[in-house]
Amino acid sequence: MKKITLVLVLAGSILLSSCDVLLDIVNQANSIANLRNCEFALKNVSNVSVAGVNVKNLTQGNLTATDVVKLVAAYQSKQVPLALDVNVDITNPTTTKAAMTALDWILAIDGTDMASGISSNSYSILPSTTTTVPLGVNADLAELFSSKGLDALKTFASSFTNEGISSKVGLRVRPSLSVGTTQVPFPDYIKLEKKTGKS
């Protein structure tokens, strides 16, 4: 009798554990399904620099001698790093939680894909709320400006607004969520647009 009781207890424990795992997978699947209802937007861009020089110095004509040396050295070395921090807003308009475990991104300049990366941080987007996801984006502009010289670099820098937004720079993102041991991405990338109203 004791053996039968033990077997039944073990069987019940396994069944409950299996149900918990199954329920967890179902909840994760529902979260990524609801992620499709969320709205993705470009909140703002900050800390934009070219070859270590703040882009505001380029646009406002406040270059120091050190800035000029950095830019010339970068151009001559054929390595012109662009760095910027991008804040992506994800708004959940529904009454159900959405979740994301990774966000792939692609940076394009003048319509040409220049760099890509991934943020592997997990986020829960609660109902009727907006969650901001920060991305550190880096690219090398050397190839883009190799045939046009420093004037092209100045034109590029002057395209940035006070918010750091540039019509020449585009960003696409693709969220994904882990369901069980499988990473499930969106089928397509989302082109980010600047949010209207308050940033």
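A residue is called buried here when its relative accessible area is under 20%, and by that cut-off buried residues make up 37% of the 199 in the chain. The model is a predicted one, so everything below is read off computed coordinates.

As for the overall layout, the chain has five helices and eleven strands. Its contacts lean towards the long range: counting those with a separation of 6 or more, 72% come from residues 24 or more positions apart. The accessible surface adds up to about 11,500 Å², and carbon and sulfur atoms hold 55% of that.

One piece of the strand architecture is an open sheet of four strands, ordered β2-β1-β3-β8 and paired antiparallel. The edges are taken by β2 (53–54) and β8 (129–140); each has a single partner strand, so one side of each goes without a neighbour in the sheet. Further in, β1 (residues 39–50) and β3 (residues 81–92) run antiparallel and are joined by nine bridges. Ser49, for instance, has Ala83 in β3 as its bridge partner.

Strand β1 also carries a backbone oddity. Most residues other than glycine have a negative phi. Asn47, which is not a glycine, goes the other way with a positive phi of about 55 degrees. Asn47 is found in strand β1, and at 57% relative accessibility it counts as exposed, because the cut-off for that class is over 50%. Ser128 is another such case, again with a positive phi of about 55 degrees and again not a glycine. Ser128 sits in the loop between β7 (123–125) and β8, and its relative accessibility of 59% makes it exposed too.

Next comes the hairpin of β5 and β6. Strand β5 (residues 102–109) runs antiparallel to β6, and seven bridges join the two. Within this pairing, Leu107 stands opposite Ala115 in β6. Two residues lie between the strands of the hairpin, and Asp110 takes a positive phi near 55 degrees there. Strand β6 itself covers residues 112–119, with Ser119 among them. Ser119 has a relative accessibility of 9% and therefore counts as buried. Apart from neighbours within four places in sequence, Ser119 is in contact with Thr101, Ala102, Leu103 and Leu135.

Which charged pairs form salt bridges? The structure holds two of them. In one, Asp110 pairs with Lys168, with the closest N and O atoms 3.5 Å apart. Asp110 belongs to the loop between β5 and β6, while Lys168 belongs to the loop between α5 (149–158) and β9 (169–179), so this pair ties together parts that are 58 residues apart in sequence. Both ends are partly exposed: Asp110 has a relative accessible area of 45%, and Lys168 comes in at 24% relative accessibility. In the other, the side chains of Arg172 and Asp113 meet at 3.1 Å, N to O. Here Arg172 lies in strand β9 and Asp113 in strand β6, so the parts tied together are 59 residues apart in sequence. Arg172 is partly exposed with a relative accessible area of 26%, and Asp113 is partly exposed as well, with 44%.

Helix α3 (residues 65–76) is the place to look for a charged residue without such a partner. Asp67 sits in this helix. Is Asp67 buried or exposed, and what is the nearest side chain of opposite charge? Asp67 is buried yet has no salt bridge, and the nearest side chain of opposite charge, Lys70, is 5.0 Å away. A salt bridge needs the nitrogen within 4 Å of a carboxyl oxygen, so a pair at 5.0 Å does not make the cut. What Asp67 does touch, leaving aside neighbours within four places in sequence, is Val53, Asn57 and Asn62.

Val68 is also found in helix α3. With a relative accessible area of 39%, Val68 is partly exposed. Val68 joins Leu63 and Val72 in a nonpolar patch on the surface, and together they have about 190 Å² of accessible area. So helix α3 includes both a buried Asp67 and a partly exposed Val68.

Key:
Residues are numbered from 1 along each chain as its sequence is written. This is a predicted model: local features need pLDDT of at least 70, side-chain atom pairs count only at pLDDT 80 or more; totals for chains, interfaces and linings use all residues. Side-chain values use heavy atoms; hydrogens and water are left out. Buried means under 20% relative accessible area, exposed over 50%, partly exposed in between (1.4 Å probe, protein chains only). Lys and Arg count as positive and Asp and Glu as negative; His and the chain ends are not counted. Contact means heavy atoms within 4.5 Å. Patches are made of residues with over 30% relative accessible area and no salt bridge: like charges are joined within 9 Å, nonpolar side chains (Val, Leu, Ile, Met, Phe, Trp, Tyr) within 5 Å. Accessible areas come from the Shrake-Rupley method with a 1.4 Å probe; for residues, only the protein chains shown count as cover. Two strands pair if DSSP finds at least two bridges between them.
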